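Me: I would like a close look at one part of this model, followed by whatever connects that part to its surroundings. Please take one helix as the starting point and give the cut-offs behind each term as you go.

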Amino acid sequence: MASRKPLISGNWKMNHTHLDAIAVVQKLAYSLGPADYERAEVSVHPSFTALRSVQTLLDADEVPIALGAQNVYPADSGAYTGEVSPVMLAKLNVRYVIVGHSERRQLLGETDGMVNQKLVAVLGHGMSPILCVGETLEEREAGTTEAKVLGQLKADFEGVSPEAAAKVVIAYEPIWAIGTGRTASPDDAQAVCKAVRAWVGEAYGSELAGRTRVQYGGSVTPDNVAELMAQPDIDGALVGGASLDAERFARIARLGHQAD
Ligand code: PEP
């Protein structure tokens, strides 16, 4: 199997002012060292209002933490009041953009069609999407988890070339596990991540599937990260609540790469 460097991403959602964000990144940079960055890639995803401050800090101190965004609008510019374009993000050295997070799908009505447009826009500007897919509790109980997740992948990757697909990170995030303190068992998470990789293999070939990073997200903490990351098809974590605190997030990043 291809070796894949784990990606541990902190999704801060609508938390942290730009001043809080600077403080967290400073502490994180202090806690993590070259051995950590060697074995895992770490990204932070502040609010739009904090991106510039965090970018300035990362650049000035040459901190090898990747800058990420939580969302994007799929147009370069124009009359889209309140939206932020991929051009603006790329100019801030944003490397990863979360696309299709379940909170946006559920609370803000994002459809797979919109997610597909965002995915294409992010790729078109040289950044990597972190594409979130996952099932509701009802879907899991009805035994339709795989059908839901693979259906989302099919729709969200519509028209994406193999060259572009190679830059996509896929985050399997069961919706019932996000922000609830309930985590998928390592076996259940592994089963879905394996199915995700198999789908990439069918759509784009086994070589690309072997290179694609598949994250797990949903109430990841320092207590459960190592067991999750020890699964063969899980290559990192998308962390919400537990990434807000630098010390907890640094522990997750460290424990997350010790499993490989
Ligand atoms: C998320 O925001 O993607 C997430 C997984 O949140 P939490 O870790 O809080 O469940």
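Which residues of α10 are buried?

Reply: Since this is a predicted model, local features are given only where pLDDT is at least 70 and side-chain atom pairs only at pLDDT 80 or more, whereas totals for chains, interfaces and linings use all residues. Residues are numbered from 1 along each chain as its sequence is written, and side-chain values use heavy atoms, with hydrogens and water left out.

The buried residues of α10 are Pro 186, Ala 189, Gln 190, Val 192, Cys 193, Ala 195, Val 196, Arg 197, Trp 199, Val 200 and Tyr 204. Buried here means under 20% relative accessible area, exposed means over 50%, and partly exposed lies in between, with a 1.4 Å probe and protein chains only; helices are DSSP runs of H or I with at least four residues, strands are runs of E with at least two, and both are numbered from the N terminus. Helix α10 has 19 residues, and its first and last C-alpha atoms are 26 Å apart, close to the expected 27 Å, where the expected span is 1.5 Å times one less than the number of residues. Gly 205, with a positive phi near 100°, follows the helix.

The wider setting of α10 is the largest nonpolar core, which has 69 residues; such a core is a set of buried Ala, Val, Leu, Ile, Met, Phe, Trp, Tyr and Cys residues joined through side-chain atoms within 4.5 Å. Helix α10 (residues 186–204) gives the most to this core, namely seven residues. Among the residues with the most contacts inside the core are Leu 89, Phe 157 and Tyr 216. Beyond its neighbours within four places in sequence, Leu 89 is in contact (heavy atoms within 4.5 Å) with residues including Phe 48, Asn 71, Val 72 and Met 127. A second, separate core has nine residues, including Leu 7, Ile 98, Cys 132 and Val 169.

Asn 71 and Val 72 also lead to another helix, α6, because both are touched by Lys 118, which has its place in that helix and counts as buried at 4% relative accessibility. The side chains of Lys 118 and Asn 71 make a polar contact at 2.7 Å; this term stands for a pair of N or O atoms within 3.5 Å, where, within protein, one must be able to donate a hydrogen and the other to accept it, and residues adjacent in sequence count only if both atoms are side-chain atoms. The 13 residues of α6 (residues 112–124) should span 18 Å, which agrees with the 18 Å between its end C-alpha atoms. What covers the buried residues of α6 includes α4 (86–91), β4 (96–99) and β5 (128–133).

Turning to the ligand, 14 residues surround it, and the closest are Lys 13, Glu 173, Gly 179, Ser 219 and Gly 240, a residue being near a molecule if one of its heavy atoms lies within 4 Å of it. An N or O atom in the side chain of Glu 173 is 2.7 Å from an oxygen atom of the ligand, and a polar side-chain atom of His 101 lies 2.8 Å from a ligand oxygen. The backbone of Ser 219 places a polar atom 2.8 Å from an oxygen atom of the ligand. The protein covers 96% of the 290 Å² of accessible area that the ligand has on its own. Lys 13 is found in the loop between β1 (7–11) and α1 (18–31), and has a positive phi of about 50° although it is not a glycine.

How values were computed:
Accessible areas come from the Shrake-Rupley method with a 1.4 Å probe; for residues, only the protein chains shown count as cover.
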